Amino acid sequence: MNGFILFLEEKAMPIAGKIAAQRHIRALRDGLAITMPLIIIGSIFMILANFPVTGYADFVNGIFGAGFTAKLLYPIRVTFDIVAILAVISISYQLAKDKEVDGLSAGALSLAAFLILIPVQTINVTLENGDKLNLGRVLPTANISAGGLIVAILTAIIATEIFIYVVKKNWVVKMPESVPPAVAKSFTAIVPGLIIIVVFFLIRLGFESTSYQTVFTFITKFVGSPLALVGLSFGGMFATVSLYSFFWTLGIHGTRVVFGVMDSILLPAMDQNRAALEAGHQLPNIVTLQFYDNFVNSVGGCGATIGLIICILLIAKSKQTKAIGRLALAPAIFNISEPIIFGIPIVMNPIMMIPFILAPLAIGSMTYIAMATGLVNYPAGIAVPWTVPSFFSGFLATNGDWRAIILQGANILVSALIYWPFLKAWDNTLLQREKENPELMD
């Protein structure tokens, strides 16, 4: 183990450092970091709104009034549900700043380009007397939340590169020196802004002329459709876990993107198991929605981050790592992994990306094999919420198979062993930085 850690520190870390220093990767990592406070706040309210205890909602609603648990989702609307908007501005700003051009103007234009791509929905309701009432026009939250991150990232990069190119070529409206700098910057953004808006307007029109209608639909189907072909097999499971884990390492909500298509086969598979259970027949499917929700992702969320947090609590020495571990523990118990993903960070971290992908692959493989060989019952088609912690979730999902508890314990242990050397190498790097910069220790 020590030899492998030494290899990571001496050989892998320098290469990883060069990769991480690439300006687009650095902008993506630093840009997404701005969402961290909102993600943590949203995680708290996510737990409060979905606390997995029978009777919890009735108890809370009885104290604070009917429907109060639904009102706990309000803060989520201004945290999780706007991360794509924050990301497109922040990533654009970081890219522009790296090239010493106006980051604020670049961010504003990138946001406008992103919003052009989003179809606006008109909300109409029919009154009792038959009259129709127009309630206005809205932006679908699926496109401005984590589900729209792929489009947001691509938009930020393309729009900002256009902005940088035009400004560097000096194709701008120049104002006299007597004009205040703030006003002069706004005029400088006119020409690159016009080009950006026209480009993304044409992109929008191009997708509307196809069966996809929007770039968001295209990306979801492009990513998910190949997975649907391999379906519920071991290979399909392996490909699904690999893909959504990889997306997460890019800062993209991989589960939302991948399962947007996979749910169309996972939910029927779940219902087939439910019907077989009720009829007393052999359950037909190992891979269902519960396979992912209550086994692969039930040990700290995507990336099996409970194992990582255990390693942090046991071996971490850097102040930064220990603080993130303590902060992310409670959300991870309820399978919310965003705080640790953006806090360590896993995103655009060439070293920590590796175990983040390997751990769920190992867990998924172990779970599949255990079920295929009869060591543990198949998921029984019981819709156990994804926020239910480990041990409880496995027991409930398999209709009371106590062996599922042991399997989840083994999954946690395996994930911790996979994370251990990588975390040790990363933590040593952070510790060295803190020693070289004593102000970081304050």
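## The largest pocket

How much space lies in the largest pocket? In this predicted model, the answer is about 670 Å³. Its lining takes in 25 residues. If you want to find the middle of the pocket, look for Met-46, His-253, Thr-255, Arg-256 and Trp-386, the lining residues that lie nearest its centre.

Three helices each supply at least two residues of this lining: H6 (74-77), H15 (254-279) and H16 (289-296). H15 gives the most, with four residues. As for chemistry, the pocket lining is a mix of 11 nonpolar, eight polar and six charged residues.

## A cavity inside

There's also one cavity of 30 Å³ or more, and about 100 Å³ of space lies in it. Among the residues that line this cavity are Leu-32, Ile-39, Phe-80, Trp-248 and Phe-342. His-253 is another one of them, and you've already met His-253 at the pocket, among the residues nearest the centre.

Sorted by class, the cavity lining has eight nonpolar residues, three polar ones and one charged one. Glu-338 is part of that lining too.

## A nonpolar patch on the surface

Now for the outside. Phe-391, Phe-392, Phe-395, Leu-396, Trp-402, Ile-405 and Ile-406 make a nonpolar surface patch of about 710 Å². Helices H21 (392-397) and H22 (403-436) each give two or more residues to the patch, and the largest share, three residues, comes from H21.

Take Leu-396, which lies in H21. Is Leu-396 buried, exposed or partly exposed? Leu-396 counts as partly exposed because its relative accessibility is 42%, and partly exposed covers the range between under 20% (buried) and over 50% (exposed).

Notes
Residues are numbered from 1 along each chain as its sequence is written. This is a predicted model: local features need pLDDT of at least 70, side-chain atom pairs count only at pLDDT 80 or more; totals for chains, interfaces and linings use all residues. Side-chain values use heavy atoms; hydrogens and water are left out. On a 1 Å grid over the protein atoms alone, a cavity is a set of points where a 1.4 Å probe fits but cannot get out, and a pocket is an open set with protein on both sides within 12 Å along at least five of seven lines; lining residues have an atom within 4 Å of a point. Grid points are joined across faces, edges and corners, and a volume is the space filled by probe spheres set on the points. Ala, Val, Leu, Ile, Met, Phe, Trp, Tyr, Cys and Pro count as nonpolar, Asp, Glu, Lys and Arg as charged, and the others, Gly among them, as polar. Patches are made of residues with over 30% relative accessible area and no salt bridge: like charges are joined within 9 Å, nonpolar side chains (Val, Leu, Ile, Met, Phe, Trp, Tyr) within 5 Å. Accessible areas come from the Shrake-Rupley method with a 1.4 Å probe; for residues, only the protein chains shown count as cover. A salt bridge is a side-chain nitrogen of Lys or Arg within 4 Å of a carboxyl oxygen of Asp or Glu. Buried means under 20% relative accessible area, exposed over 50%, partly exposed in between (1.4 Å probe, protein chains only).
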